[in-house]
Amino acid sequence: MEVLRPQLIKIGGRVYRKNPIQEQTYQHEEEDDDYYQGLVECAEEPCETYEVVQTPQGFRCTVKAPSLLYNLICLDTSNYYGFQKIALDGQNIYTRRPKHIVGKRGDTRKKLEVETKTSISIPKPGQEGEIVITGQHRSGVVSARTRIDVLLLTFRRKQPFTHFLAFFLNEAEVQERFLKFQEEVLEKCSMDHGVDSSIFQNPKKLHLTIGMLVLLSEQEIQQTCEMLQQCKEEFIDDISGGKPLEVEMSGIEYMNDDPGMVDVLYAKVHMKDGSNRLQELVDRVLERFQASGLIVKEWNSVKLHATVMNTLFRKDPNAEGRYNLYTADGKYIFKERESFDGRNILKAFHLYSQRIPGKPV
(Lines give C-alpha, C1' and ligand atoms only; values in the text may rest on other atoms or scores of the structure.)
Protein backbone atom coordinates (compact mmCIF):
# COMPACT_ATOMS: atom_id res chain seq x y z
CA MET A 1 0.00 0.00 0.00
CA GLU A 2 1.21 3.56 -0.76
CA VAL A 3 1.28 5.25 2.66
CA LEU A 4 0.97 8.75 1.24
CA ARG A 5 -1.80 7.78 -1.18
CA PRO A 6 -4.29 5.58 0.71
CA GLN A 7 -7.44 4.29 -0.93
CA LEU A 8 -10.25 6.82 -0.58
CA ILE A 9 -14.01 6.27 -0.47
CA LYS A 10 -16.23 9.21 -1.46
CA ILE A 11 -19.70 9.23 0.09
CA GLY A 12 -22.20 12.07 -0.02
CA GLY A 13 -19.65 14.82 -0.60
CA ARG A 14 -17.19 13.59 2.03
CA VAL A 15 -14.03 11.56 1.54
CA TYR A 16 -13.08 8.74 3.92
CA ARG A 17 -9.77 6.93 4.09
CA LYS A 18 -9.95 3.14 3.96
CA ASN A 19 -7.61 1.69 6.56
CA PRO A 20 -5.24 -1.00 5.25
CA ILE A 21 -6.35 -4.54 6.01
CA GLN A 22 -4.14 -7.50 5.23
CA GLU A 23 -5.74 -9.92 2.76
CA GLN A 24 -6.03 -13.44 4.18
CA THR A 25 -7.54 -16.76 3.27
CA TYR A 26 -11.10 -16.85 4.64
CA GLN A 27 -12.14 -20.39 5.46
CA HIS A 28 -14.50 -19.63 8.31
CA GLU A 29 -17.51 -17.38 8.36
CA GLU A 30 -16.49 -15.83 11.68
CA GLU A 31 -13.70 -13.86 9.96
CA ASP A 32 -16.15 -12.09 7.63
CA ASP A 33 -17.66 -10.05 10.42
CA ASP A 34 -14.29 -8.84 11.74
CA TYR A 35 -13.34 -7.64 8.29
CA TYR A 36 -16.45 -5.54 7.82
CA GLN A 37 -16.59 -4.32 11.39
CA GLY A 38 -13.20 -2.74 10.75
CA LEU A 39 -14.62 -0.89 7.78
CA VAL A 40 -17.65 0.24 9.75
CA GLU A 41 -15.36 1.80 12.35
CA CYS A 42 -13.66 3.86 9.62
CA ALA A 43 -16.81 5.97 9.19
CA GLU A 44 -16.64 7.95 12.40
CA GLU A 45 -17.92 11.34 11.30
CA PRO A 46 -21.55 11.64 10.16
CA CYS A 47 -22.31 13.23 6.82
CA GLU A 48 -24.89 16.00 6.79
CA THR A 49 -25.93 15.57 3.16
CA TYR A 50 -28.44 12.77 3.79
CA GLU A 51 -32.18 13.34 3.79
CA VAL A 52 -33.38 12.64 7.31
CA VAL A 53 -37.10 13.02 8.00
CA GLN A 54 -38.42 13.91 11.44
CA THR A 55 -41.36 11.75 12.55
CA PRO A 56 -43.52 11.64 15.70
CA GLN A 57 -41.32 8.75 16.88
CA GLY A 58 -37.98 10.48 16.13
CA PHE A 59 -36.00 10.49 12.88
CA ARG A 60 -36.02 8.29 9.80
CA CYS A 61 -33.68 7.78 6.84
CA THR A 62 -33.77 5.30 3.93
CA VAL A 63 -31.02 3.74 1.83
CA LYS A 64 -31.60 2.63 -1.76
CA ALA A 65 -29.39 -0.15 -3.06
CA PRO A 66 -29.66 -3.19 -5.34
CA SER A 67 -30.95 -6.15 -3.36
CA LEU A 68 -27.84 -8.15 -4.27
CA LEU A 69 -25.87 -5.94 -1.92
CA TYR A 70 -27.75 -7.04 1.18
CA ASN A 71 -29.76 -10.14 0.30
CA LEU A 72 -28.66 -13.70 -0.39
CA ILE A 73 -29.78 -13.69 -4.03
CA CYS A 74 -28.05 -15.87 -6.58
CA LEU A 75 -28.81 -18.16 -9.49
CA ASP A 76 -27.06 -21.09 -7.83
CA THR A 77 -27.27 -21.15 -4.04
CA SER A 78 -24.38 -23.59 -3.50
CA ASN A 79 -22.11 -22.10 -0.81
CA TYR A 80 -18.45 -22.72 -0.15
CA TYR A 81 -16.73 -21.50 3.03
CA GLY A 82 -18.82 -18.36 3.30
CA PHE A 83 -18.88 -17.66 -0.45
CA GLN A 84 -21.74 -18.00 -2.84
CA LYS A 85 -21.51 -19.37 -6.34
CA ILE A 86 -23.22 -17.29 -9.01
CA ALA A 87 -23.77 -18.53 -12.55
CA LEU A 88 -22.89 -15.65 -14.85
CA ASP A 89 -22.91 -16.10 -18.63
CA GLY A 90 -22.51 -19.83 -18.20
CA GLN A 91 -19.53 -19.52 -15.86
CA ASN A 92 -19.36 -20.06 -12.11
CA ILE A 93 -17.83 -17.24 -10.12
CA TYR A 94 -17.48 -16.79 -6.38
CA THR A 95 -18.24 -13.69 -4.38
CA ARG A 96 -18.27 -13.08 -0.65
CA ARG A 97 -21.73 -13.94 0.61
CA PRO A 98 -23.71 -10.65 0.88
CA LYS A 99 -24.31 -10.53 4.61
CA HIS A 100 -22.35 -7.36 5.18
CA ILE A 101 -25.09 -5.35 6.85
CA VAL A 102 -26.86 -8.19 8.61
CA GLY A 103 -23.71 -10.15 9.49
CA LYS A 104 -23.50 -13.61 10.97
CA ARG A 105 -26.53 -14.10 13.24
CA GLY A 106 -27.26 -10.41 12.66
CA ASP A 107 -24.17 -9.33 14.61
CA THR A 108 -23.15 -6.55 12.23
CA ARG A 109 -26.59 -4.98 12.27
CA LYS A 110 -26.85 -5.35 16.05
CA LYS A 111 -23.48 -3.67 16.50
CA LEU A 112 -24.55 -0.76 14.29
CA GLU A 113 -27.85 -0.42 16.14
CA VAL A 114 -26.20 -0.43 19.56
CA GLU A 115 -23.43 2.03 18.67
CA THR A 116 -25.72 4.49 16.86
CA LYS A 117 -28.80 3.95 19.06
CA THR A 118 -30.95 3.23 16.02
CA SER A 119 -33.17 0.51 14.60
CA ILE A 120 -32.24 -0.83 11.13
CA SER A 121 -34.82 -2.64 8.99
CA ILE A 122 -33.50 -4.63 6.01
CA PRO A 123 -35.67 -6.36 3.35
CA LYS A 124 -35.90 -10.12 3.62
CA PRO A 125 -34.03 -12.33 1.14
CA GLY A 126 -35.79 -12.34 -2.21
CA GLN A 127 -37.48 -8.99 -1.66
CA GLU A 128 -36.69 -5.61 -3.16
CA GLY A 129 -36.98 -2.55 -0.99
CA GLU A 130 -35.12 0.04 1.03
CA ILE A 131 -33.04 -0.19 4.16
CA VAL A 132 -34.87 1.90 6.78
CA ILE A 133 -33.00 3.52 9.68
CA THR A 134 -34.97 5.01 12.59
CA GLY A 135 -33.86 6.54 15.86
CA GLN A 136 -34.52 9.12 18.54
CA HIS A 137 -31.52 11.26 17.58
CA ARG A 138 -30.76 12.65 14.13
CA SER A 139 -26.99 12.29 14.63
CA GLY A 140 -27.37 8.58 15.33
CA VAL A 141 -29.47 8.02 12.21
CA VAL A 142 -26.97 9.89 10.04
CA SER A 143 -24.05 7.98 11.57
CA ALA A 144 -25.76 4.65 10.85
CA ARG A 145 -26.47 5.74 7.29
CA THR A 146 -22.83 6.70 6.74
CA ARG A 147 -21.57 3.37 8.04
CA ILE A 148 -24.04 1.42 5.91
CA ASP A 149 -22.92 3.34 2.83
CA VAL A 150 -19.33 2.32 3.54
CA LEU A 151 -20.37 -1.33 3.79
CA LEU A 152 -22.38 -1.19 0.57
CA LEU A 153 -19.61 0.55 -1.36
CA THR A 154 -17.01 -1.92 -0.12
CA PHE A 155 -19.09 -4.89 -1.16
CA ARG A 156 -19.79 -3.35 -4.58
CA ARG A 157 -16.07 -3.08 -5.17
CA LYS A 158 -15.78 -6.82 -4.56
CA GLN A 159 -18.13 -7.65 -7.42
CA PRO A 160 -16.96 -8.62 -10.91
CA PHE A 161 -17.45 -6.00 -13.59
CA THR A 162 -20.74 -6.38 -15.46
CA HIS A 163 -20.53 -3.63 -18.13
CA PHE A 164 -18.10 -1.21 -19.65
CA LEU A 165 -18.28 2.10 -21.52
CA ALA A 166 -16.45 2.06 -24.84
CA PHE A 167 -16.20 3.27 -28.42
CA PHE A 168 -16.12 0.36 -30.84
CA LEU A 169 -13.35 0.42 -33.44
CA ASN A 170 -14.56 -2.54 -35.48
CA GLU A 171 -15.15 -1.06 -38.94
CA ALA A 172 -14.71 -3.65 -41.71
CA GLU A 173 -11.54 -2.00 -42.99
CA VAL A 174 -10.06 -1.92 -39.49
CA GLN A 175 -10.84 -5.60 -38.96
CA GLU A 176 -9.10 -6.51 -42.22
CA ARG A 177 -5.98 -4.54 -41.30
CA PHE A 178 -5.96 -6.05 -37.82
CA LEU A 179 -6.15 -9.59 -39.20
CA LYS A 180 -3.24 -8.72 -41.49
CA PHE A 181 -1.30 -7.48 -38.46
CA GLN A 182 -2.07 -10.72 -36.61
CA GLU A 183 -0.96 -12.80 -39.58
CA GLU A 184 2.34 -10.96 -39.87
CA VAL A 185 3.04 -11.17 -36.14
CA LEU A 186 2.49 -14.93 -36.12
CA GLU A 187 4.61 -15.30 -39.24
CA LYS A 188 7.57 -13.35 -37.83
CA CYS A 189 7.32 -13.85 -34.06
CA SER A 190 5.51 -17.13 -33.38
CA MET A 191 8.73 -18.66 -32.04
CA ASP A 192 8.93 -16.02 -29.29
CA HIS A 193 7.85 -17.17 -25.85
CA GLY A 194 4.09 -17.04 -25.27
CA VAL A 195 3.15 -15.70 -28.71
CA ASP A 196 0.27 -17.58 -30.34
CA SER A 197 -3.10 -16.86 -31.94
CA SER A 198 -5.08 -17.29 -28.71
CA ILE A 199 -3.92 -13.99 -27.17
CA PHE A 200 -5.10 -11.73 -30.02
CA GLN A 201 -8.22 -9.63 -29.64
CA ASN A 202 -11.29 -10.69 -31.59
CA PRO A 203 -11.32 -8.18 -34.49
CA LYS A 204 -15.07 -7.73 -34.06
CA LYS A 205 -14.48 -6.56 -30.49
CA LEU A 206 -11.81 -3.93 -31.08
CA HIS A 207 -12.72 -0.98 -28.88
CA LEU A 208 -11.55 1.96 -26.83
CA THR A 209 -12.54 1.53 -23.17
CA ILE A 210 -13.64 4.55 -21.14
CA GLY A 211 -14.38 2.76 -17.88
CA MET A 212 -15.58 -0.45 -16.20
CA LEU A 213 -18.87 -0.62 -14.28
CA VAL A 214 -20.64 -2.83 -11.77
CA LEU A 215 -24.38 -2.52 -12.46
CA LEU A 216 -26.44 -4.71 -10.15
CA SER A 217 -30.02 -3.86 -11.09
CA GLU A 218 -32.20 -2.79 -14.00
CA GLN A 219 -32.51 0.61 -12.32
CA GLU A 220 -28.75 1.11 -12.42
CA ILE A 221 -28.64 0.09 -16.09
CA GLN A 222 -31.38 2.62 -16.84
CA GLN A 223 -29.51 5.26 -14.83
CA THR A 224 -26.41 4.61 -16.95
CA CYS A 225 -28.36 5.03 -20.20
CA GLU A 226 -29.88 8.27 -18.97
CA MET A 227 -26.50 9.60 -17.89
CA LEU A 228 -25.00 8.86 -21.30
CA GLN A 229 -27.83 10.79 -22.93
CA GLN A 230 -27.21 13.69 -20.56
CA CYS A 231 -23.51 13.66 -21.49
CA LYS A 232 -24.42 13.83 -25.15
CA GLU A 233 -26.75 16.76 -24.66
CA GLU A 234 -24.53 18.71 -22.24
CA PHE A 235 -21.05 18.43 -23.75
CA ILE A 236 -20.44 15.63 -26.27
CA ASP A 237 -22.19 17.43 -29.13
CA ASP A 238 -20.30 20.61 -28.31
CA ILE A 239 -16.91 18.89 -28.28
CA SER A 240 -17.54 16.93 -31.48
CA GLY A 241 -19.25 19.84 -33.21
CA GLY A 242 -22.12 17.49 -33.97
CA LYS A 243 -19.89 15.71 -36.51
CA PRO A 244 -18.23 12.28 -36.58
CA LEU A 245 -14.76 12.06 -35.02
CA GLU A 246 -12.06 10.50 -37.17
CA VAL A 247 -9.37 8.76 -35.15
CA GLU A 248 -6.24 6.80 -35.92
CA MET A 249 -4.51 3.84 -34.28
CA SER A 250 -0.83 4.60 -34.64
CA GLY A 251 2.01 2.74 -32.96
CA ILE A 252 1.94 -0.12 -30.46
CA GLU A 253 2.92 -0.10 -26.80
CA TYR A 254 2.82 -2.45 -23.79
CA MET A 255 1.32 -1.99 -20.32
CA ASN A 256 4.01 -3.26 -17.97
CA ASP A 257 7.71 -2.39 -17.52
CA ASP A 258 9.42 -5.37 -19.16
CA PRO A 259 9.00 -5.83 -22.95
CA GLY A 260 10.18 -9.39 -22.52
CA MET A 261 7.28 -10.19 -20.17
CA VAL A 262 4.20 -8.53 -21.68
CA ASP A 263 0.58 -9.16 -20.69
CA VAL A 264 -1.18 -6.44 -22.71
CA LEU A 265 -0.11 -4.98 -26.04
CA TYR A 266 -2.17 -2.10 -27.38
CA ALA A 267 -2.43 0.31 -30.28
CA LYS A 268 -2.29 4.00 -29.38
CA VAL A 269 -5.36 5.99 -30.41
CA HIS A 270 -5.50 9.71 -31.23
CA MET A 271 -7.45 12.20 -33.32
CA LYS A 272 -6.57 12.27 -36.99
CA ASP A 273 -6.51 16.09 -36.98
CA GLY A 274 -4.10 16.17 -34.04
CA SER A 275 -6.61 17.84 -31.70
CA ASN A 276 -7.32 16.86 -28.09
CA ARG A 277 -11.08 16.56 -28.57
CA LEU A 278 -11.31 12.78 -28.10
CA GLN A 279 -9.29 12.90 -24.88
CA GLU A 280 -11.41 15.76 -23.55
CA LEU A 281 -14.62 13.93 -24.42
CA VAL A 282 -13.76 10.61 -22.76
CA ASP A 283 -12.28 12.32 -19.69
CA ARG A 284 -15.47 14.30 -19.12
CA VAL A 285 -17.61 11.17 -19.52
CA LEU A 286 -15.36 9.36 -17.03
CA GLU A 287 -15.58 12.27 -14.59
CA ARG A 288 -19.37 12.30 -14.78
CA PHE A 289 -19.66 8.58 -14.05
CA GLN A 290 -17.10 8.74 -11.25
CA ALA A 291 -19.07 11.55 -9.61
CA SER A 292 -22.21 9.40 -9.75
CA GLY A 293 -20.45 6.46 -8.08
CA LEU A 294 -21.11 4.11 -11.00
CA ILE A 295 -17.37 4.02 -11.79
CA VAL A 296 -14.83 3.80 -8.98
CA LYS A 297 -12.31 6.62 -9.22
CA GLU A 298 -8.92 5.06 -9.88
CA TRP A 299 -7.64 7.39 -12.61
CA ASN A 300 -8.15 11.05 -13.44
CA SER A 301 -7.80 10.51 -17.18
CA VAL A 302 -8.60 7.81 -19.73
CA LYS A 303 -5.62 6.12 -21.38
CA LEU A 304 -6.59 6.14 -25.06
CA HIS A 305 -5.71 2.70 -26.38
CA ALA A 306 -7.11 -0.30 -28.22
CA THR A 307 -6.00 -3.68 -26.89
CA VAL A 308 -4.68 -5.94 -29.66
CA MET A 309 -3.08 -8.71 -27.57
CA ASN A 310 -3.96 -9.76 -24.03
CA THR A 311 -2.75 -12.87 -22.20
CA LEU A 312 -6.11 -13.12 -20.41
CA PHE A 313 -7.56 -14.24 -23.76
CA ARG A 314 -5.35 -17.34 -23.66
CA LYS A 315 -7.77 -19.11 -21.32
CA ASP A 316 -10.85 -16.93 -21.68
CA PRO A 317 -11.57 -15.27 -25.06
CA ASN A 318 -14.25 -13.13 -23.41
CA ALA A 319 -11.97 -11.78 -20.67
CA GLU A 320 -12.02 -8.02 -20.35
CA GLY A 321 -10.20 -5.96 -17.73
CA ARG A 322 -9.73 -6.86 -14.08
CA TYR A 323 -11.42 -9.79 -12.33
CA ASN A 324 -12.68 -8.95 -8.82
CA LEU A 325 -13.26 -12.55 -7.79
CA TYR A 326 -12.61 -14.96 -4.95
CA THR A 327 -11.72 -18.62 -5.15
CA ALA A 328 -13.80 -21.23 -3.33
CA ASP A 329 -11.33 -21.27 -0.42
CA GLY A 330 -11.54 -17.51 -0.01
CA LYS A 331 -8.39 -16.27 -1.74
CA TYR A 332 -8.59 -12.97 -3.58
CA ILE A 333 -7.33 -13.61 -7.10
CA PHE A 334 -6.54 -12.04 -10.39
CA LYS A 335 -6.95 -14.10 -13.52
CA GLU A 336 -3.89 -16.28 -14.03
CA ARG A 337 -1.89 -15.31 -17.11
CA GLU A 338 1.22 -16.40 -18.99
CA SER A 339 3.18 -13.40 -20.27
CA PHE A 340 4.73 -13.25 -23.74
CA ASP A 341 7.97 -11.86 -25.14
CA GLY A 342 7.00 -8.72 -27.06
CA ARG A 343 10.45 -7.36 -27.95
CA ASN A 344 10.51 -8.54 -31.56
CA ILE A 345 6.90 -7.48 -32.10
CA LEU A 346 7.68 -3.96 -30.84
CA LYS A 347 10.70 -3.71 -33.12
CA ALA A 348 8.89 -4.98 -36.20
CA PHE A 349 5.56 -3.20 -35.80
CA HIS A 350 6.26 -0.01 -33.84
CA LEU A 351 5.02 2.05 -36.80
CA TYR A 352 1.80 0.05 -37.19
CA SER A 353 -0.91 2.51 -38.21
CA GLN A 354 -4.61 2.26 -38.99
CA ARG A 355 -7.03 5.08 -39.77
CA ILE A 356 -10.54 4.62 -38.38
CA PRO A 357 -13.39 6.27 -40.31
CA GLY A 358 -15.31 8.85 -38.33
CA LYS A 359 -18.65 7.90 -36.78
CA PRO A 360 -21.19 9.98 -34.91
CA VAL A 361 -20.60 9.97 -31.14
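Which residue in S9 is the bridge partner of Phe59? The legends below, drawn on a predicted model, take up this pairing and its surroundings.

**View 1. Pairing of strands S4 and S9 around Phe59.** The bridge partner of Phe59 in S9 is Gly135. Strand S4, which covers residues 58-63, and strand S9, which covers residues 131-135, pair in the antiparallel sense over 5 bridges.

**View 2. The open sheet and its edges.** The sheet is built from 4 strands in the order S3-S4-S9-S8, with antiparallel pairing. Its edge strands are S3 (53-55) and S8 (118-121), each of which pairs on one side only. From one strand to the next, the twist averages 25°.

**View 3. Helix H3 against the sheet.** Helix H3, spanning residues 138-157, contains 20 residues and reaches 29 Å from its first C-alpha to its last, which is close to the 28 Å expected at 1.5 Å a residue. This helix lies across S4, S8 and S9, and runs at about 15° to S4. H3 is mostly covered, with 17 of its 20 residues buried.

**View 4. Stretches of low pLDDT.** For the protein chain the mean pLDDT is 77, and 70% of the residues reach 70 or more. Over residues 23-36 the pLDDT is below 50, although the model gives this stretch 37 contacts beyond near neighbours in sequence. Residues 71-99 likewise have pLDDT under 50 throughout, and for them the model has 79 contacts beyond four places in sequence.

Notes. Residues numbered from 1 in each chain as written. Predicted model: local features only at pLDDT ≥ 70, side-chain atom pairs only at ≥ 80, totals over all residues. Heavy atoms only, no water. Helix = DSSP H or I, 4+ residues; strand = E, 2+ residues; numbered from the N terminus. Expected span 1.5 Å × (residues − 1). Buried < 20%, exposed > 50% of the residue type's maximum accessible area, 1.4 Å probe, protein only. Pairing = 2+ DSSP bridges. Axes fitted to C-alpha atoms, helices over the stretch in contact; angles between N-to-C directions. Contact = heavy atoms within 4.5 Å. pLDDT = per-residue confidence, 0-100.
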